Amino acid sequence: MKKLVFLSVFGLMSVGAFASNSEEAPKLPEANVETIENIVETVEVKTAENAVKAEITVNCEDGSSYSVSCDSCSTAQLMCS
Amino acid sequence: MRFLIVFYFLASISVCNAQSRGIVYYGHIESPGKGGPAGLDFNAYLAFDKEASYYITAKDSLENQSELEKQQTKEVNGKTQFYLGKHTLPQGKQVYYNRQKDSLWWNKKYKEPVYGREKREKINWKLESETKTFGGLTCHKATGVFRGKTYTAWYTKKIPLPYGPWKLQGLPGVILEAYDEKKEMYLYFKSVEYPVQQNLTVGPIVKPKEDIQYNWISIDEYKDLLEKIVEKNKTKAILIAKQMGGDVTVNSGGIETLSVELFE
């Protein structure tokens with residue numbers, strides 16, 4: 001008898017679990033989707049800062065300066081000697 | 001009685017001297033060839049008494065290096081300025097003016113330290129009626145040409161001494177703010193202490209031990225030196241372009257990018 005009760009309870013739980021998994025996943029609220037998009041934008045801006053897009057003037061310690069223009073060089077490449 | 005007269009005489013001399021001592025604090029932005037105030041913003045001050053004035057800027061002890069690092073990139077007139085390395089000196093960039101000798105002594109540094117001395121160049125100031133107040137002191141406007149640039153200066157008659165920041169001088173009162181048309185030399189007012197009661201050191205410029213071998217040069221020698229530096233910088237620009245490689249174009253400028261003082 002005990003076995004029967006145990007098996008029927010176990011059977012019901014399995015059915016319940018299966019039923020809940022088959023439910024359609026809840027949609028994310030729109031606000032959350034926007035936050036993710038903002039994070040992606042920030043990363044893009046940071047990348048743009050490191051790349052020298054237009055003309056840049058480099059001012060050195062010794063008082064000299066020079067202007068550099070290149071399409072895809074980064075500020076880390078700028079030097080004074 | 002005699003003692004009292006002598007005491008009164010000495011006291012009045014001391015009071016008169018204290019009355020003519022003062023100090024003005026400025027912000028100093030020097031941006032040769034940049035077309036606007038794109039240079040680093042340094043602290044500066046002008047100390048003066050009846051005989052002389054002493055101006056100093058870009059001095060290590062007057063600056064917070066981390067604050068200067070924040071200015072590493074500046075954008076003015078759509079152009080980006082990038083500052084590499086240290087732009088201050090332990091002894092600062094100084095200008096000392098002695099009225100009796102009617103001469104100025106100054107120092108700066110390119111690759112090597114430079115110490116210069118020159119007779120005061122008279123600026124033909126045009127006094128105008130416009131006024132402005134700085135630190136509670138009424139200032140009058142004046143305009144004048146100095147070494148290739150037209151400067152606007154705001155001077156106060158409340159301090160009737162002919163001094164000013166950097167090499168600007170010769171007005172009927174101390175200059176509290178000055179700038180040229182493009183603000184490539186922009187000396188802006190911060191605060192003033194006048195009269196100053198305590199003792200104040202007003203120059204002269206003392207060379208540090210390591211600079212003893214550098215002689216005081218004339219303004220003509222300075223012009224020649226600038227021309228030589230321009231030539232060296234052209235070669236340097238070619239080398240930098242090679243080192244950076246790729247599609248890089250490097251241009252070094254003329255004298256106007258080295259000095260706000262332009263010579264004919």
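Here are three short exercises on how chains A and B share a sheet and a contact surface.

This is a predicted model, where local features need pLDDT of at least 70, side-chain atom pairs count only at pLDDT 80 or more, and totals for chains, interfaces and linings use all residues. Residues are numbered from 1 along each chain as its sequence is written, while chains are lettered from A and ligands numbered from 1 in the order in which they are written.

**Exercise 1. Work out the strand order of the open sheet and find its edges.**

Step 1: Get the terms straight. Strands are DSSP runs (E, at least two residues), numbered from the N terminus, and two of them pair if DSSP finds at least two bridges between them.

Step 2: Read across the five strands: S4(B)-S5(B)-S2(A)-S3(A)-S15(B), with mixed pairing.

Step 3: Look at the ends. S4 (73-76) and S15 (249-252) of chain B each have a single partner strand, so one side of each is left without a neighbour in the sheet.

**Exercise 2. Describe the two places where chain A strands pair with chain B strands.**

Step 1: S3 (residues 65-69) of chain A runs antiparallel to S15(B), joined by four bridges. Here Ser67(A) sits opposite Asn251(B).

Step 2: S2(A) pairs with S5 (residues 79-83) of chain B in the parallel sense, again over four bridges. Here Val58(A) faces Phe82(B).

**Exercise 3. Take stock of the contact between the chains.**

Step 1: Count residues in contact (C-beta atoms, placed from the backbone, within 7 Å). Chain A gives 23 and chain B gives 29.

Step 2: Find the top contributor on chain A's side: S3(A), with five residues.

Notes. Two residues are in contact if their C-beta atoms, placed from the backbone, lie within 7 Å.
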